[in-house]
Amino acid sequence: MGSAAALSHLQTTARGLTNTEASRRLKLNGRNALSCKKPVAWWQLLIQVIPNPFNILLALIAIISVANPEPNWSTFIILSVMIVISCAVRFWQEFRSNAAATRLQASVSNNSRVRRQSAEPLKTAADLPFEEMIVGAETLVPGDILFIDPGDSIPADCLLIQGTHLTISQSSLTGESAGVRKTANPRTEKDSLDAFALENVVFMGTSVISGGGLALVLRTGDDAVIASITKALNAKAPLNAFQLGIRNVSYMLIAFMLVMVPIVLVISGKVTHDWRGAALFSVSVAVGLVPEMLPAIVNANLARGAFRLAKKKAIVKRLDSIQNLGAMSVLCSDKTGTLTNDEISLSSYLNCTGDPEPEVFRLAYINAVSQSGTKNVVDSAIINFDIFGDTTNTKLGSSDEKHRQLSLVDYEKIAEIPFTFENRRSSCVVKYSTGKYELICKGAFEETMNLCTHIRVDENADPTPIDRAHHLELSHRVSSLNAEGYRTILVATREVTASQSENLNADTTAEILMDLETQLTARGLLMFLDPPKPDAAVSINKLQGLGVEVKVLTGDTLGVALQVCRALNLVTEVDEANVQAISGPDLARLEGTKEFDDVVRTCVVFAKLTPAQKGQVILSLKQRGECVGMLGDGINDSIALKYADVGISVDSGAGVAKDVAEIILTQKQLDIVVECVTTGRFTHGNTIKYIKMVASSNFGNVFSILAASAWLPFQPMTGLQILIQNLLYDISQIAIPWDRVDEEYLAVPRRWNAKDLLRFIIFLGPLSSTIDICTFCLGWFYYGIRSTDDPLKVARFQTHWFLEGLLTQTLIVHLLRTAKVPVFQSRASPILVFSTISVIAIGVAVPYIPPLQKALGLARPATSFLGLLAAELLVYCLEVQFVKVIYKRLF
């Protein structure tokens, strides 16, 4: 199960470890990180990039070229150079990408709250001086005392030593979506073979739904249980649409080669009667059809996208998610903290008649302080509220009077019921100095009001039973406040009798305590404000302009959600004919029906949703063919983030939300999402651009080689010449990841479309063959090169096709990189222009440099051919542009 040394030194105290002991154990056990998540060593990365299908093919062809009785070492050397260049480019890009990803992900705060021994000496045996410290999760060691709070992602395998109504989600390990109750004192014995059923053990990778506690860290890093199943979990991850597309294109190009090589061998051998030469030519053809730079350029595109996003303050945890950003057609967003400032503040506290009432605040304050663990935004707003500086409340009178009244908050916390997103309320039982026990509940209006049987309209009067008039009056007041943008919380209480309080303590289960949450007395309302972010409306408008539909998924009330969304221009007036919003309870009644999917498609605002309902909305949209993004930072967003095609969270979000998200924003700004979408489409555009170029070019070469093999009594190019031409062409395309992308291409979502790609290849692929055959005709009819009698003429024929093939293949980079007219309407990036011009210049110069001319078997081209070549290139450009226009209009 792991390091024996770690277990043998697991002694610790209730005060936790000393910093010195923690440092010693960290050296002994290593950092708390799984091996699969640690940066890959450079030598491991180098081994990984070598064995791709194209490199293996090139290596086999290189071996074949020197395995015959007359080895062709020039071919072997060039193929080796091509393999080295391909591997070097891919290695360098992946090395830079991994290094950047490691640096960026290290910047995502993933901290834990632990208890460490204080430097103070012990005064008595009962004293336990300790300090709460925030440490990096990767520095946790066995023996640490860890605080567990709602929303935490458990960073290690731990033994629970104290728990308060703790519920853990173990779905990441077991696949079960229901939360699991955990307690420090298990009431029943569990099967020891079922580790996940142990009630007092929490595991690395699970997340806290509600409650809190203290735990003793048992195992970290690769000693954790999750380490034993991580490889299996990773192995089961299905390929996404982009990965499948790249794989299918690779297989298609390999299939081209496997079909073409035998055909070319047979036809060329029969026509030339030189079977050895035909075999060498077939080998060269195979190399010419292998896009060995495909893996390198695709990876370079993704790495380039990740670097661009890093500058936009977005951290990419998985490179493939960049493609999904470009394909995203619907963005579902939480409201609080993403569309609003997430600076929720208490605005007022009212009694049930609508007047300010300090007693309502006092009760809410006790409830908020009594909640263990990290405080949620509502509790924090109550605790941080400066009631002494609240000049609007005239009932409190002077500052001295305020202090006097609040000093009555003299109580002892007995038990608590933590907040859950299903119940939408929290409660506590307290004992006052007078000996009176009281349950104080605060929560969403409807859920809490349903538990009330009485109402107190005046603090100096006794409670009265709630009648219909009271209920309607309160509901109307809450609706009015919600319409004004206020979030309302109802405060209610009940007296706990002595007999009921006898067995209450901190370990009392939530089920028993919830039996007391009945027959409550409504005491008053709390009003909170969380205004929309200043830039949210502009960012939403930009997203809509990019073809991304924005939907709001929130647990807040429908009135508050609608008020915010109206301010952001997300919704207009809502009526029966224009249903743009729905609440969770109403949506629940439609589950399992066709109407559910219809409502999800048409509605913009979804309010009072449970975490599970957020996930259902995401799945419904995906089933309709949408590429769905989810933006959220809370525990209640984690299911939706997991189900979405691309999950986006923020660095300050809950740990579980950051764990399941693929993109982490370092700042809570919606305009960063706009940049992410644009960058995703930019990356997708340059990737598809290269794939279309290489696939259509290779498809066209199939026809040219077939025509040459069946027609010419000699090879139209030697194998060495084909290899050099292919090498130069590949080098010219290395700069594609840095190319520009047309604004029109960025304006709409872009998804992988295999049919469109195949259609494009069939339409534009054969165009290069028409120019190739034109060059063959010039050599055959105009220059009279029809036999092998004159080696110089044959070399000139081969030189002519070498130049024409290289120039058309290089020009196609500019012709197919845009749907517009190249140069005039859309210009390539300077680096791509430089790379293509450089390759063209080198290719044209080679036949004029005697040493290179002789080494490659080329000849000085005919002077008249240069003019004819220029005419051919002009015709080719016009031809491609004309077919592009037709293709665009048709498809």
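**Exercise 1. Helix α27**

How many of the 14 residues of α27 are buried? Find the number, then look at the helix's span.

*Solution.* The model is a predicted one. Step one: locate the helix, which covers residues 719–732. Step two: apply the cut-off, where buried means under 20% relative accessible area. By that test, 13 of the 14 residues of α27 are buried, so the helix is largely enclosed by the rest of the structure. Step three: check the span. From first C-alpha to last, α27 reaches 20 Å, close to the 20 Å expected at 1.5 Å a residue.

**Exercise 2. The whole protein**

Describe the protein by its elements, burial, contacts and surface.

*Solution.* Start with the elements: there are 34 helices and 23 strands. Next, burial. The protein has 891 residues, and 53% of them count as buried. Now take contacts between residues at least 6 apart in sequence: 74% of these join residues at least 24 apart. Last, the surface. Its accessible area is about 38,700 Å², and carbon and sulfur atoms account for 59% of that.

**Exercise 3. The eight-stranded sheet**

Trace the open sheet of eight strands and find its edges.

*Solution.* Write the order: β8-β23-β22-β21-β9-β18-β20-β19. The pairing is mixed. Strands of a sheet pair through backbone hydrogen bonds, either parallel or antiparallel. Now go to the ends of the order. β8 (314–316) and β19 (581–583) each have a single partner strand, so one side of each lacks a neighbour in the sheet. From one strand to the next, the twist averages 20 degrees.

Then zoom in on one pair. β9 (residues 330–333) and β18 (residues 549–553) pair in the parallel sense, over four bridges. Within this pair, Val330 stands opposite Glu549 in β18.

**Exercise 4. Helices on the sheet**

Which strands do α23 and α26 meet?

*Solution.* Take α23 (residues 611–623). This helix packs on the sheet and touches β9, β18, β20 (605–607) and β21 (628–631). Its direction makes about 160 degrees with that of β21. Turn to α26 (residues 670–711). That helix lies across β8, β9, β21, β22 (646–650) and β23 (663–665). It runs at about 145 degrees to β23.

**Exercise 5. Confidence**

Decide where to read the model with care.

*Solution.* Begin with the overall figures: the mean pLDDT is 81, and 85% of residues reach 70 or more. Then pick out weak stretches. Over residues 232–237 the pLDDT is below 50, and the stretch has two contacts beyond near neighbours in sequence. Residues 396–405 also have pLDDT below 50, with twelve such contacts in the model. Where pLDDT is low, the predicted coordinates should not be read in detail.

Terms used: Residues are numbered from 1 along each chain as its sequence is written. This is a predicted model: local features need pLDDT of at least 70, side-chain atom pairs count only at pLDDT 80 or more; totals for chains, interfaces and linings use all residues. Side-chain values use heavy atoms; hydrogens and water are left out. Two strands pair if DSSP finds at least two bridges between them. Helices (H or I, at least four residues) and strands (E, at least two) are DSSP runs, numbered from the N terminus. Axes are lines fitted to C-alpha atoms, for helices over the stretch in contact, and angles run from 0 to 180 degrees between N-to-C directions. Contact means heavy atoms within 4.5 Å. Buried means under 20% relative accessible area, exposed over 50%, partly exposed in between (1.4 Å probe, protein chains only). Accessible areas come from the Shrake-Rupley method with a 1.4 Å probe; for residues, only the protein chains shown count as cover. The expected span of a helix is 1.5 Å times one less than its number of residues. pLDDT is the predictor's confidence in each residue, from 0 to 100.
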